[in-house]
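Biologist: Before we discuss this chain, could you put the sequence and the model on the screen, so that we can go through the fold one question at a time?

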Amino acid sequence: MCAKKFVPYANESDVLEIGSLSIENRIDRISLSGDIDLTLDKPGLALAKQLQKLLADVVAQLEKQELPDQLPPPEVTSVANPFE
């Protein structure tokens, strides 16, 4: 993992990479994209432990808060096209 502490839901800027998996921090969600191979060897175990810690941190943050039944849909706004 990176040297900087990844605190789930803390900001809109942190991105963490585990293998080829990108984990993007948002204030209302954690987005995962890419892929990861958890191979049956020591590097696979190391990646699995990093992923396990990340998910444990996410669950801990979720459990600390009073959660809504579901997030409202994002507010969509239109802006003028600067190229027209």
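Biologist: What percentage of the 84 residues in the protein chain is buried?
Modeller: This is a predicted model, and I will keep that in view throughout. A residue counts as buried when its relative accessible area is under 20%. By that cut-off, the buried share of the 84 residues in the protein chain is 19%.

Biologist: Which pattern does the protein chain follow when read along the sequence?
Modeller: The protein chain holds 1 helix and 3 strands. Strand 1 covers residues 15-18, strand 2 covers residues 20-25, strand 3 covers residues 30-35, and helix 1 covers residues 42-63. Read along the sequence, the pattern is therefore β-β-β-α.

Biologist: What is the radius of gyration of the protein chain, and why does the chain count as more spread out than a compact globule?
Modeller: For the β-β-β-α chain, the globule rule gives 12 Å for 84 residues. The C-alpha trace spans about 55 × 40 × 20 Å along its principal axes. The protein chain is more spread out than a compact globule because its radius of gyration is well over the value from the rule, at 17 Å.

Biologist: How much of the contacts with a separation of 6 or more comes from residues 24 or more positions apart?
Modeller: A contact here means heavy atoms within 4.5 Å. Among the contacts in the protein chain with a separation of 6 or more, residues 24 or more positions apart account for 28%.

Biologist: Which residue stands opposite Glu17 in strand 2?
Modeller: Strand 1 and strand 2 pair in the antiparallel sense over 4 bridges, and they form a hairpin with 1 residue between them, where Gly19 in the turn has a positive phi of about 60°. One of the pairs puts Val15 with its bridge partner Glu24. In the pair you ask about, Glu17 stands opposite Ser22.

Biologist: Which side chains of strand 1 point to one face and are buried?
Modeller: In a regular strand the side chains alternate between the two faces of the sheet. Strand 1 shows this alternation, with Val15 and Glu17 pointing to one face and not buried. The side chains that point to the other face and are buried are those of Leu16 and Ile18.

Biologist: Is Ser22 buried or exposed?
Modeller: Ser22 lies in strand 2 and stands opposite Ser33 in strand 3. Not counting residues up to four places away in sequence, Ser22 touches Leu16, Glu17, Ser31, Leu32 and Ser33. Because its relative accessibility is 17%, Ser22 counts as buried.

Biologist: Which residue in strand 3 is the bridge partner of Ser20?
Modeller: Strand 2 and strand 3 pair in the antiparallel sense over 6 bridges, and a hairpin joins them through 4 residues. Within this pairing, the bridge partner of Ser20 is Asp35.

Biologist: How far apart in space are Leu38 and Gly19, C-alpha to C-alpha?
Modeller: Leu38 lies in the loop between strand 3 and helix 1, and at 47% relative accessibility it counts as partly exposed. Leaving aside neighbours within four places in sequence, Leu38 is in contact with Gly44, Leu47 and Ala48. Although Leu38 and Gly19 are 19 residues apart in sequence, their C-alpha separation is 9.0 Å.

Biologist: Is Asp37 buried or exposed?
Modeller: Asp37 is found in the loop between strand 3 and helix 1, and its C-alpha atom is separated by 9.3 Å from that of Leu21, 16 residues away along the chain. Because its relative accessibility is 58%, Asp37 counts as exposed.

Biologist: With which residues is Gln61 in contact, leaving aside its neighbours within four places in sequence?
Modeller: Gln61 lies in helix 1, and at 16% relative accessibility it counts as buried. Leaving aside neighbours within four places in sequence, the contacts of Gln61 are Pro8 and Tyr9.

Biologist: What is the phi of Tyr9?
Modeller: Most residues other than glycine have a negative phi, and most peptide bonds are trans. Tyr9, placed in the segment before strand 1, is not a glycine, yet its phi is positive, at about 70°.

Biologist: What is the volume of the largest pocket?
Modeller: The lining of the largest pocket includes Tyr9, Ile27, Asp28 and Leu62. By class, the lining has 6 nonpolar, 1 polar and 2 charged residues. The volume of the largest pocket is about 180 Å³.

Definitions and conventions
Residues numbered from 1 in each chain as written. Predicted model: local features only at pLDDT ≥ 70, side-chain atom pairs only at ≥ 80, totals over all residues. Heavy atoms only, no water. 1 Å grid on protein atoms, 1.4 Å probe; cavity = no way out; pocket = protein on both sides within 12 Å on 5 of 7 lines; lining within 4 Å. Points joined across faces, edges and corners; volume = space filled by probe spheres on them. Nonpolar A, V, L, I, M, F, W, Y, C, P; charged D, E, K, R; others polar. Helix = DSSP H or I, 4+ residues; strand = E, 2+ residues; numbered from the N terminus. Buried < 20%, exposed > 50% of the residue type's maximum accessible area, 1.4 Å probe, protein only. Pairing = 2+ DSSP bridges. Rg over C-alpha atoms; globule rule 2.2 N^0.38 Å.
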